[in-house]
Amino acid sequence: VLHSAVGTPLDWPEAKKVANHVRDWGIEQLLAIWRRAKGKERDALRWGDEVEYLVVCYDDAHHKVRLSLRQADILEALASDEKLLQEGGGVPGLQRGNANESDVAPVFHPEFGRFMLEATPGRPWGIGFKDLLDVEQNMKRRRTIAKEHMAPTEYPITLTTFPRLGNEDCTIPHYPVSGPKLRSQFVPDEIANPHIRFPTLAANIRWRRGRKVEVNVPVFKDENTPWPFHDPTVNYDLHKWPEDDDVRNGAAKANHIYMDAMAFGMGSCCLQITFQAKNIEEGRKMYDQLSPLGPILLALTAATPIYKGFLADTDVRWNQISRSVDDRTPEELGEMPLKNDRWRIPKSRYASNSTYISQDPRLRPEYLDPNLVVDVQLKKRLVDGGMDDLLATHFAHLFIRDPIVVFAEDLKELDLDKVDHFENLQSTNWQHMRFKPPPPGNDTGWRVEFRPMEIQITDFENAAFSVFIVLITRAILSFDLNFYVPITKVTENMETSHARDAIHTKKFHFRKNPFSQRSKISGCSESSTPTPTSRPATPLGPVEDEYELMTIDEIINGQHGGTDAFPGLIALVESYLNSMNVDVETRCELARYLDLIRKRANGSLCTAATWIRDFVRSHPEYKKDSAVSDRISYDLVKAAEVITQEEGRSELATAMLGRWGRTT
């Protein structure tokens, strides 16, 4: 998430004084990258996945589960595993790398929460179909290795959030709440990674906005839920820090679950995919064409119906993370007239994309955000430095933010062979897509990071969604597909994705005709082999005619009736596989993954969010009051572990996730 330099971090009042300094040097480093790498060419697409785990600790005697804060101990155990290091795995910087390329062990990384681990493959995945078939087993191996370096009572679970994070006695070891960095009513400072960057990030976000972060999630109204609902865990009589006044000033909204710290967002787990493009043009195209798919994949992977021991009336994590790192001041939020700040900023620094960046002739000006906020002076410096208007606009938009964590030592000298100042801004703009320039000093190319997907309970599901988005990317590039809709509609779709069971109850703005004017895939269906056919140039009509509201099922599985019906993403992937003459065995293996996506979209299989919600509501201890007790949380996490351990090749897992109610 953030580069790992260590130094003397500046408190916000001092960091604010040097914000322009950091931005200026960041722009200089970006221009240096641009000059070095704008013509960089790679042979073929490579990609990687990131899986994040919650480390839970069971107290079976009392039917209780807590978060284990032993991240450092577990990483130390991994770092001292000589066999793992010899296989090229372990932790960054210590791998020996003597293993055969196909046997490289995974690498484990720290995350914001001290109860989290991140695991990546030990080498990037390649373009070959064999690599796609290796992903699932590699993910299983990562979980096995992680578990082997944990205590017997601990387990690496892939739930998006811990059901009772923020409730009393939810961590082991236990620490008192309301520390000086987070100043939270609900979680201790010790819940965050102790690396100085993380507590400083949390403290300076709070300091900059002038109050604690404010995370309010609509509560799910069940038969016996008190209404209006007032979060019973909120203490209105706390007087330890000035920010304790927040709740007395209305921070906790009626009928909402209230949370007040970065840990409630950045303590969430997700599944991220990073692609390396062959050159900058391909990277920019992938960034644009994958952007409209973000909200669709967010809804498809919905897995977050519980916060702080209560059922929520939303299914995904995105907005909660957005609010947990929202450093905007009252002026930037539009709550007060602009006086000390430069502009009103419509979104948190964790938000959906606001830009398109490809120099694609199909990118119409109407697709761009007419109200995009950019730093005009910084944009001019980028354009004067040779960068084109679209990409300069993108970075000048990211650079409207202040750097939050600044180390005094980094301000002594500008080093154009480093990217620390650029990454200070780039890596703390958490959008659902990220465009990543090549880092200096190695052979890495231009990359695009796909960030919206929720982590899934089983390795099979995480592999399925990873493989699916890779195949979609290959279809986009092979068939020159066009998914452009106005970027403001992508933002609207991201909001729609949050609705409870949005996958089946909501419609999303989506492009009706994905085919380029140069070619169309005829007979685009599972049973036919596509052949490119010429397509007459279409005069540009109103942008509003290019897209319509579709269900997730229509987007994934296709619309019925008429030659102009949208074929569905699955059919586009199948057509790509047909064009590649994939062997039968590989095709059958890939079909397992596509079948999961297909059935998730048409309702044959439910999302993890629906499964979790129904598990809670069917639990004998549930009182139909929206509350998720210790016992329910314990049984839920145990059930998720059972599914993970016994999934086999996938059949049990998909069957269990397709069933409602208890599985233990």
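These exercises work through a predicted model of one protein chain.

**Exercise 1. Overall form**

Task: Find how the radius of gyration of the protein chain stands against that of a compact globule.

Solution:
- Start with the length. The protein chain has 664 residues.
- For that length, a compact globule would have a radius of gyration near 26 Å.
- The protein chain has 24 Å, so the value agrees with a compact globule.
- Add the box. Along the principal axes, the C-alpha atoms fill roughly 70 × 60 × 55 Å.
- Add the burial. Of the 664 residues, 62% count as buried.
- Add the contacts. Take those between residues at least 6 apart in sequence: 76% of them join residues at least 24 apart.
- End with the elements. The chain holds 23 helices and 19 strands.

**Exercise 2. A helix inside**

Task: Decide whether helix α21 is largely enclosed or not, using its buried residues.

Solution:
- Locate the helix. α21 spans residues 608-617.
- Apply the cut-off. A residue is buried when its relative accessible area is under 20%.
- List the residues that pass. They are Ala 608, Ala 609, Thr 610, Trp 611, Ile 612, Arg 613, Asp 614, Phe 615 and Val 616.
- Conclude. Nine of the 10 residues are buried, so the rest of the structure largely encloses α21.

**Exercise 3. The nonpolar cores**

Task: Describe the largest nonpolar core and name the residues that touch the most other members.

Solution:
- Recall the background. Nonpolar side chains tend to be buried together in soluble globular proteins.
- Count the members. The largest core has 183 residues.
- Pick out those touching the most other members: Phe 275, Leu 290, Leu 297, Leu 300, Phe 468, Ile 556 and Leu 569.
- Find the main contributor. Helix α15 (residues 459-479) gives the most to this core, with 13 residues.
- Check the domains. Domain 1 (7-171 + 261-325 + 348-516 + 545-658) and domain 2 (172-260) each supply at least three residues.
- Look at one member. Beyond its neighbours within four places in sequence, Phe 275 has contacts that include Leu 45, Trp 47, Met 286, Leu 290, Trp 446 and Ile 469.
- Note the other core. A second, separate one has nine residues, among them Val 485, Ile 487, Val 490 and Val 543.

**Exercise 4. A long-range salt bridge**

Task: Work out which parts of the chain the pair Asp 402 and Arg 23 ties together.

Solution:
- Recall the background. Side chains of opposite charge can pair when their charged atoms come close.
- Check the distance. The closest N and O atoms of Asp 402 and Arg 23 are 2.7 Å apart, and the two form a salt bridge.
- Place both residues. Asp 402 lies in the loop between α13 (389-398) and α14 (420-426), and Arg 23 in helix α2 (residues 19-37), so the pair ties together parts 379 residues apart in sequence.
- Test burial. Asp 402 has 11% relative accessibility, so Asp 402 counts as buried. Arg 23 has 4%, so Arg 23 is buried too.

**Exercise 5. One glutamate, two partners**

Task: Which residues form salt bridges with Glu 243?

Solution:
- Take Arg 183. Its closest N–O distance to Glu 243 is 3.0 Å.
- Place this pair. Arg 183 lies in the loop between β6 (171-172) and α6 (197-209), and Glu 243 in the loop between β7 (215-218) and α7 (245-248), so parts 60 residues apart in sequence are tied together.
- Take Arg 206. Its side chain meets that of Glu 243 at 2.8 Å, N to O.
- Place this pair too. Arg 206 lies in helix α6, so parts 37 residues apart are tied together.
- Check burial. Arg 183 and Glu 243 are both buried, and so is Arg 206.

Conventions: Residues are numbered from 1 along each chain as its sequence is written. This is a predicted model: local features need pLDDT of at least 70, side-chain atom pairs count only at pLDDT 80 or more; totals for chains, interfaces and linings use all residues. Side-chain values use heavy atoms; hydrogens and water are left out. Buried means under 20% relative accessible area, exposed over 50%, partly exposed in between (1.4 Å probe, protein chains only). Helices (H or I, at least four residues) and strands (E, at least two) are DSSP runs, numbered from the N terminus. A nonpolar core is a set of buried Ala, Val, Leu, Ile, Met, Phe, Trp, Tyr and Cys residues joined through side-chain atoms within 4.5 Å. Domain bounds come from an automatic or database domain assignment. Contact means heavy atoms within 4.5 Å. A salt bridge is a side-chain nitrogen of Lys or Arg within 4 Å of a carboxyl oxygen of Asp or Glu. The radius of gyration is taken over C-alpha atoms; the globule rule is 2.2 Å times the number of residues to the power 0.38.
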